[in-house]
Amino acid sequence: MTERYDIVIYGATGFTGAYVIEQIENSKALSVSKSEIKFAIAGRSESKMKATLKTVGSRVGKDLSATKIIIADSSKSESLAEMAKQAKVIINAVGPYRLYGEAVVKAAVENGASHVDISGEPAFLERMQMTYGKQAEENGVYVVGACGWDSIPCDLGVLFLKRNFGGDLNHVESVVQMNYGEAGYAINAGTYQTLILGIANSKSDGLGKIRKSIMPEKIFRSQYRLPKRSLIWSLPSLGGYALPFMGSDKSVVNRSQYFDFTANNERPVLLETYFRVQSLFWTIMLVLWLLVFQFLVQFKFTRKILQKYPDQCSFYLFKNSGPSKEQMEQATFTYWFFGTGWNAKRPLNEEHSDPPTVKKVVRCDGPDAGYMATSACALSAALTVLDDKEFLPPKGGVFTTAAAFGSSNIYERLKQFGIMFSMIEEPKKAQEPKKAE
C-alpha cells in the first residue's frame, strides 16, 4: 500500500509553496500539530524542486535534501492521481485556479486525499462545491477553498465576532489595511494575472446558476440593511479613506453564513468589505487605475499587453519578481470587523422590532499578507483537517473555512503563526443602518 504523507505541497517551487515548506520547518518548535509533520513536495520540475529545498533549507538552517519529491503536472491527470494517492492532505499552491485548479481537486476527491487551496477566485471556489461536493462527502474527504489570506482572516473574523457578540449580530463592515515598512512592497504578478482573468471572464462564469445550485434554500434575511456608502468614504474612527474590496471575502462569507443557517440553525450575518487607503490623493489614483484597468481587460489586444507587462502596467504595484525578503519582513496587515446588532437573542427567523444599535469590533493582526500569512493560513488549515477531524463536519464535502473549521482549534494554530483575533473597543459609532422598505 502506498504511504500517505500528512501533507503534500503541490506547487512547492512557487512563492507561497516555498513559504509553506519554511512554515512547516519553523512549526516544529510550535505546538501546532499533534505529531511531527511528514510532508512531501510536488511539481513539474525535479530540478526546480531540489533548488527550492536547498534555498528553503538555507533559510531555516536545515538539510532538506531528503524530502520526498513527487513529479506531478496539472496537464497529466495520471500524475495528479499518483500524487493524491500519496497524500492525506494536498496544499494546492498552483494558480490561477480557474486554469489549473479543478484537475487537482478531481484527483484528490477521487483518490481519497483532502484538499486545501489559497484561491481567491469565487467562480472556481463555488464551481468546485457544485461539481465535487457530493463525491467528496461520499468519499469522506474535505475540500476547503480560500485557505490563504483570501479569505481566512475575513471568514474567521466574522465568525469570531458573531460568536463573541453576546446577542444577535445583524451586519458587519470589514476594513482591511496593509502596513508596509521603509522598503515598500510589491505584490507577485501571479495575483495580477488572476485578477485579469477574473475580470475578463466575469460575464461568462455563470455564478448566478452556480449559486442557485449550491445554496438552493431560501434563508432568513434581516429587514435592516447595511449602511449605504459612496465609492470613496472617510473612516473617522481609523483615519484615511475606504474603497470597496474586490477580493473573494464577501462571496466566501456569504457561503459560510448560508451553511451556518442551514446546518447550525444560526442567524446569518450581512457583510460588506472595504480596503483602507491612507490619503485621499492615493485613493483617487487607485480608483482611476482600477477603472482604466477594468476597461482595458475587456479587449483581447490590450489584455495581452497588460498580461505581458505587469510591472509597468501596474506602476510597479505588481512585479514578476514579487516582494523582497526585506519587504515581507517589514509588512503586516490589520483587519477590522465593525459589527452592529442587538444585545438580545431572538429565535431564528424572528425579526427584532427595533433597529440594531449595539456595536462591537473585532481586530485581526498578522504578518505579511501575501506570503507569510497566506502560507501560515494554508498550513493551519491542512493541520486542522489532519488533527481536528472530530470537530469538522461529519461527512466530508466542499466547504468554506468557517463552515469546515468553526468548531476546531484553528484560532489557536493561527495564533502560533502570529495571526491573532481579539475584541476591541470601537473608536467611534458608525452610521445607523436603514430599514428595508
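Tutor: Helices here are DSSP runs of H or I with at least four residues, strands are DSSP runs of E with at least two, and both are numbered from the N terminus. Glutamine 23 is placed by that rule in helix H1, residues 15–27. The model is predicted, with local features needing pLDDT of at least 70 and side-chain atom pairs pLDDT 80 or more, while totals for chains, interfaces and linings use all residues. Numbering starts from 1 along each chain as its sequence is written, and side-chain values use heavy atoms, without hydrogens and water.

Student: Why is glutamine 23 called buried?

Tutor: Buried means under 20% relative accessible area, exposed means over 50%, and partly exposed is in between, with a 1.4 Å probe and protein chains only. Glutamine 23 has 12% relative accessibility, so it counts as buried.

Student: What does glutamine 23 touch?

Tutor: A contact means heavy atoms within 4.5 Å. Leaving out residues up to four places away in sequence, glutamine 23 touches Met372, Ser375, Ala376, Leu379 and Phe417.

Student: What makes S1 and S4 a pair?

Tutor: Two strands pair if DSSP finds at least two bridges between them. Strand S1 (residues 5–10) and strand S4 (residues 87–92) run parallel and are joined by 5 bridges, so the rule is met. Valine 8, for example, has isoleucine 90 in S4 as its bridge partner.

Student: Which sheet holds S1 and S4, and what stands at its edges?

Tutor: They belong to an open sheet of 7 strands with parallel pairing, in the order S3-S2-S1-S4-S5-S6-S15. Strand S3 (68–71) and strand S15 (397–399) each have a single partner strand, so they are edges, with one side left without a neighbour in the sheet. From one strand to the next the twist averages 20 degrees. Axes are lines fitted to C-alpha atoms, for helices over the stretch in contact, and angles between N-to-C directions run from 0 to 180 degrees.

Student: What is the order of the strands in the open sheet with mixed pairing?

Tutor: The order of its 7 strands is S9-S10-S11-S7-S13-S14-S16. Strand S9 (233–234) and strand S16 (420–424) are the edges, because each has a single partner strand. Within this sheet, strand S10 (residues 241–244) and strand S11 (residues 270–277) pair antiparallel over 4 bridges, and proline 244 has tyrosine 274 in S11 as its bridge partner. Helix H10 (residues 280–297) packs on the sheet, touching S10 and S11, with its direction at about 15 degrees to that of S10. Helix H14 (residues 369–387) also packs on the sheet, touching strand S7 (169–179), strand S13 (332–341) and strand S14 (358–367). In the parallel sheet, H14 lies across S1, S4, strand S5 (114–117) and S6.

Student: Why is the pair of tryptophan 149 and tyrosine 335 called tilted?

Tutor: Rings of Phe, Tyr and Trp (its six-membered ring) pair if their centres lie within 6.5 Å; planes under 30 degrees apart count as stacked, over 60 as edge-to-face and the rest as tilted. Here the centres are 5.7 Å apart and the planes are at 40 degrees, so the rings pair and the arrangement is tilted. Tryptophan 149 lies in the loop between strand S6 (142–144) and helix H6 (152–164) and tyrosine 335 in strand S13, so the pair ties together parts 186 residues apart in sequence. Tryptophan 149 is buried at 8% relative accessible area, and tyrosine 335 is buried at 0%. Both are in a cluster linked by ring pairs, along with Phe245, Phe275, Phe333 and Phe337.

Student: How do you know that the charged end of arginine 229 sits over the ring of tryptophan 233?

Tutor: The rule asks for NZ of Lys or CZ of Arg within 6 Å of the ring centre and within 35 degrees of the ring normal. The charged end of arginine 229 is 4.1 Å from the centre of the ring of tryptophan 233 and is listed as sitting over that ring. Lysine 360 lies over the face of phenylalanine 165, at 5.3 Å from the ring centre.

Student: Why is cysteine 377 in no bond with cysteine 364?

Tutor: A disulfide is a pair of cysteine sulfur atoms within 2.5 Å. The sulfur of cysteine 377 is 7.8 Å from that of cysteine 364, its closest cysteine sulfur, so the distance is too far for a bond. The count of disulfides comes to 0. Cysteine 364 is buried at 0% relative accessible area, and cysteine 377 is buried at 0% relative accessibility.
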